[in-house]
Each structure stands twice: as C-alpha cells, then as structure tokens.
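Reader: I am new to this structure and should like to understand the terms applied to it. Please show it to me before we begin.

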Amino acid sequence: MVDAIHDELPARAQNAEPLRRLEILVYGAGHMLNDITSACWFTYLLLFLTDLGLSPRDAAIVMLSGQVADAFTTIFAGELIDRFGHFKKWHAGGSILVAISFSSVFGGCLPCKIIGKNSSTLQTIGYSLFAAIFNVGWAVTQVSHMSMVNCITLNPTSRVALNSCRNAFTMVANLSLYAFALVVFSVYNAKAYDGIKLEYRWIAYMSIFMGCCFVVVFLIGTKEPALKQRRHYESFSKISWNYWFKKALYYQVAIVYVLTRLITNVSQALLAFYVIDDLGMPQSSKALVPAIIYISSFIVSVILQEISWTSSRLKASFTSGAILWILSGSGILVLPSSLHSSMYIFSVIIGIANALMMVTGISMQSMLIGKDLNGCGFVCGSLSFMDKLSCGLALYALESYQDSDQIMRSSAENGGFSVTRYGLGLIPSFCALISALVTCSMELEETHSEQLTEPLLV
C-alpha cells in the first residue's frame with residue numbers, strides 16, 4: 001500500500017521540486033474568510049462595542065472570551081488533524097462556522113432581544129458567547145490551512161512562497177475590508193445606536209460574502225496534500241509532544257511567532273483609537289490608515305515570493321522588519337497631533353515591517369517542522385494557542401486601564417499620552433526587539449533550493 005500511494009504522489013512533492021504559480025495562488029485564497037473577519041475583529045470590535053455604550057473593560061472581556069476559545073481550540077484542532085488528517089474537511093467545517101457566527105458578533109445582542117433587557121452585563125455575555133463560537137470556527141480553519149503548507153511540498157522556497165502568498169491574500173482581505181468600511185462610514189456616518197449597528201452589520205455581511213467566495217475556490221482548486229497520506233502509511237505513530245518540547249528551536253520559534261502576532265494584532269486593535277482619539281484625524285482615517293499599511297504589506301509580500309530563500313536570508317529579513325517596527329513605534333509614541341499627516345508615512349513603514357516579520361516568522365515554523373509531517377498540526381496549534389491567549393490578555397490589560405470617561409481625553413488638544421499611545425508605541429517595539437534578538441540566536445538548518453517554476457510577478 002505504501003508503494004502504491006508513493007507512486008501516486010506528484011513528482012514535485014516527492015522530489016521537493018518548486019510548485020507552480022496556480023497551486024500557490026489557489027492555496028493562498030483559502031484563508032481569505034478568516035483574514036477578512038479577523039481584520040474586522042481586531043480593527044473594529046473594541047470600537048464597535050464602546051460606540052454601543054459598553055465600557056472598555058467589558059469590550060475587552062468580549063474580545064478575551066473569543067481569544068481564549070480560539071486558543072484552546074487550536075490545541076484540540078492540531079491534535080485531531082495530526083491524528084486523522086483530512087485538512088480540507090476541517091477547513092470547510094471551520095469556514096461554515098465562521099460564516100454563520102460572525103454576523104452575530106456585529107449583529108446585536110441576541111440574548112438581550114430574547115429576554116427583553118439591554119443591560120451592560122447581558123450585552124457582555126451575549127457578545128462574548130458569539131465571539132467564542134466565531135473563534136472556535138476560526139481556529140479550526142487556521143490550523144488546518146497553516147498545517148497544509150508542510151504537507152503540500154518539501155521544497156523550502158515553495159513553502160516560503162505559500163506562506164508569502166497566504167500573507168499577500170491577507171493584505172487583499174484587509175484592504176477589501178477597509179474599502180467596505182470607508183464606503184459604509186462615508187454613506188451612513190451614524191451617531192445613534194441603531195445606525196452604528198447597521199454600519200457594522202453591513203461591513204460584516206460584505207466580508208462574509210467575499211470570504212466565502214474565496215473559500216469555494218480553495219476547496220475546489222486544492223487537492224488533499226499527498227505527503228500527509230504518504231507519511232500516515234509509512235508511520236502510524238504520531239510524533240509525541242515531548243519530541244518538540246525537547247527541541248530548543250521549538251521555544252525560539254514559539255517566542256518569535258507569538259511576539260510577531262502580538263505586534264500585528266495589538267497594533268491593529270489600537271490603531272483606530274489612536275488616529276481618532278490621540279491624533280484627532282477625521283473618521284475616514286480609521287479605514288484609510290490601515291489600508292495604507294496593508295497596501296505596503298501586499299507589495300512586499302508579493303516581492304518576497306520571488307526570492308530563493310535560505311535560513312540566513314529568513315533571519316536577516318525578519319530582523320530588518322523588527323528594526324523598522326522599533327523606529328515606527330518610537331515615532332508613534334512622540335507624534336504630536338499637529339503632525340498627524342506623518343502617520344501616513346509611518347503606515348508605509350509599518351506595512352513593510354509587518355510583511356517582513358509575518359512571512360519570515362511563519363516560515364520559521366516550516367523550518368522547525370521540516371519533514372516531521374506527523375507533528376505539523378501540533379506545532380501550528382500550540383503556537384497559535386500561545387498567540388491567541390497572549391494577545392487576548394494583552395488587549396484586556398490595556399483596555400482595563402481605559403476609563404470610559406477618559407477614553408477620549410488624551411487627544412491632540414492637550415498633548416497627553418494615553419494608554420492607547422503607549423500601547424501602540426511601546427508594546428510592538430518591545431516585542432520587535434525581543435523577537436529580533438531571539439531570531440539572531442537561532443541555529444536554523446542551512447538550506448538552499450530552486451526558485452519557483454514560474455514567477456509570481458508577471
């Protein structure tokens with residue numbers, strides 16, 4: 001049976017030859033639903049809930065409930081995927097749950113409607129419930145999609161290209177969201193409770209529709225990875241967790257991955273508050289500034305797919321991105337409202353830094369896994385567990401310091417330093433510094449492989 005399955009494997013997979021462009025593009029489309037809903041989650045959830053009247057602490061509880069559900073689901077999803085395989089089935093199931101539940105996150109408090117009360121406690125419970133359900137589906141989709149990279153090909157450059165393409169589609173998803181948001185905010189410009197809910201409901205519906213279209217393309221155009229089937233029949237024993245816990249590289253990659261996710265997620269969650277409350281920029285800037293960041297990231301992500309990657313290049317690129325974030329964070333910390341136009345320049349730099357760090361940081365996971373495909377689900381799941389939990393706790397801590405009466409107080413008029421300014425300026429910069437130091441200490445296996453069979457830039 002092993003020989004039969006081996007014979008059926010594509011030659012590119014067996015010989016670690018580079019993948020074709022279409023295979024990479026179709027794979028990258030598979031995370032669009034997760035990406036566009038995640039962008040809405042981190043950029044607008046806290047803003048949406050506080051606009052509806054919840055305190056910053058209650059809004060943070062809603063986000064924390066989702067992050068905790070996401071964190072624990074990644075562990076179970078990774079274990080089950082390692083044990084049973086079937087990446088596409090897990091991906092499809094998670095996507096369905098995301099599509100069904102996400103509209104309820106921004107669709108109003110369902111328990112409040114059922115009971116007939118609208119207290120802040122009941123609102124917090126209602127939104128937290130759907131936030132948790134949404135994140136369960138999101139985690140299943142993420143782990144299955146990320147784990148596929150290592151089972152589609154053994155070629156290091158193609159693995160980086162898959163991650164880079166995935167990151168490029170993340171940029172497309174985010175840009176699409178901010179385009180939707182810019183149109184909706186310009187048309188409605190709502191101030192009342194019902195108007196605010198309608199704004200975000202339209203954004204959620206458009207995001208779900210677009211993401212589902214790309215999920216269908218992925219499910220039709222991507223085959224179940226043959227390498228996973230081969231490894232399953234060659235060795236029935238799953239790799240023990242202790243195998244990874246005994247590797248120093250596992251902890252190094254975990255630190256880098258978690259800190260990189262903290263940088264992108266915390267900055268994304270605080271950015272809208274910063275440009276509106278601290279810099280006094282117009283309402284359209286809460287869509288325009290993030291859009292500039294993701295345009296820059298998209299361009300860099302596409303360029304990164306054209307490079308023949310080695311471990312030394314991964315480390316150098318990641319460190320370069322970390323340095324750019326440190327410089328940007330320092331500028332954000334001291335930027336006065338009178339120079340708020342400079343934020344557009346910082347947005348470009350942040351976008352470049354995010355792309356460099358995300359693409360190379362995720363690719364370090366692939367170098368850690370190598371050919372140990374029976375443990376790819378655990379690695380992706382465990383790192384995501386730490387990522388989601390740390391991000392949820394960090395945002396909860398930051399929002400807990402925000403008093404509902406003071407959330408708007410630290411603006412350009414008095415030049416004060418808010419928790420938002422400190423959080424956006426210091427936390428990403430500190431995380432970037434630590435992750436760069438850890439990256440420099442890594443001993444990655446030096447590899448060199450051919451470039452892709454077709455260039456992605458045509």
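Author: The questions below take up the overall make-up, the salt bridges, the cores and the surface patch.

Reader: What kind of model is this, and how are residues numbered?

Author: This is a predicted model, in which local features need pLDDT of at least 70, side-chain atom pairs count only at pLDDT 80 or more, and totals for chains, interfaces and linings use all residues. Residues are numbered from 1 along each chain as its sequence is written, and side-chain values use heavy atoms, with hydrogens and water left out.

Reader: How many helices and strands does the protein have?

Author: The protein has 18 helices and 0 strands. Helices (H or I, at least four residues) and strands (E, at least two) are DSSP runs, numbered from the N terminus.

Reader: Why is Asp 70 called buried or exposed?

Author: Buried means under 20% relative accessible area, exposed over 50%, and partly exposed in between (1.4 Å probe, protein chains only). Asp 70 has 1% relative accessibility and therefore counts as buried. Lys 388, at 3%, is likewise buried, and Asp 387, at 0%, is buried as well. Buried residues make up 60% of the 458 residues in the protein.

Reader: What makes the meeting of Asp 70 and Lys 388 a salt bridge?

Author: A salt bridge is a side-chain nitrogen of Lys or Arg within 4 Å of a carboxyl oxygen of Asp or Glu. The N to O distance between the side chains of Asp 70 and Lys 388 is 3.9 Å, and the pair is a salt bridge. This pair links distant parts of the chain, with Asp 70 in helix α5 (residues 56–84) and Lys 388 in helix α17 (residues 376–400), 318 residues apart.

Reader: Which residues are linked with this pair in a network?

Author: Asp 70, Asp 387 and Lys 388 are linked in a network of salt bridges. The side chains of Asp 387 and Lys 388 meet at 3.5 Å, N to O. A search of the whole structure finds 3 salt bridges, one of which joins the side chains of Asp 278 and Arg 421 at 3.9 Å, N to O. Both Asp 278 and Arg 421 are buried.

Reader: What makes a set of residues a nonpolar core?

Author: A nonpolar core is a set of buried Ala, Val, Leu, Ile, Met, Phe, Trp, Tyr and Cys residues joined through side-chain atoms within 4.5 Å. The largest nonpolar core has 122 residues, of which Tyr 44, Phe 106, Tyr 200 and Met 343 touch the most other members. Its largest share, 19 residues, comes from helix α13 (residues 248–278). A second, separate core of 8 residues includes Val 160, Leu 304, Leu 314 and Leu 356.

Reader: How do you know that Leu 198 is partly exposed, and to which patch does Leu 198 belong?

Author: Leu 198, found in helix α10, has 34% relative accessibility and so counts as partly exposed. Together with Val 183, Val 187, Tyr 188, Trp 202 and Tyr 205, Leu 198 forms a nonpolar patch on the surface, with about 590 Å² of accessible area together. Patches are made of residues with over 30% relative accessible area and no salt bridge, like charges being joined within 9 Å and nonpolar side chains (Val, Leu, Ile, Met, Phe, Trp, Tyr) within 5 Å. Accessible areas come from the Shrake-Rupley method with a 1.4 Å probe, and for residues only the protein chains shown count as cover.
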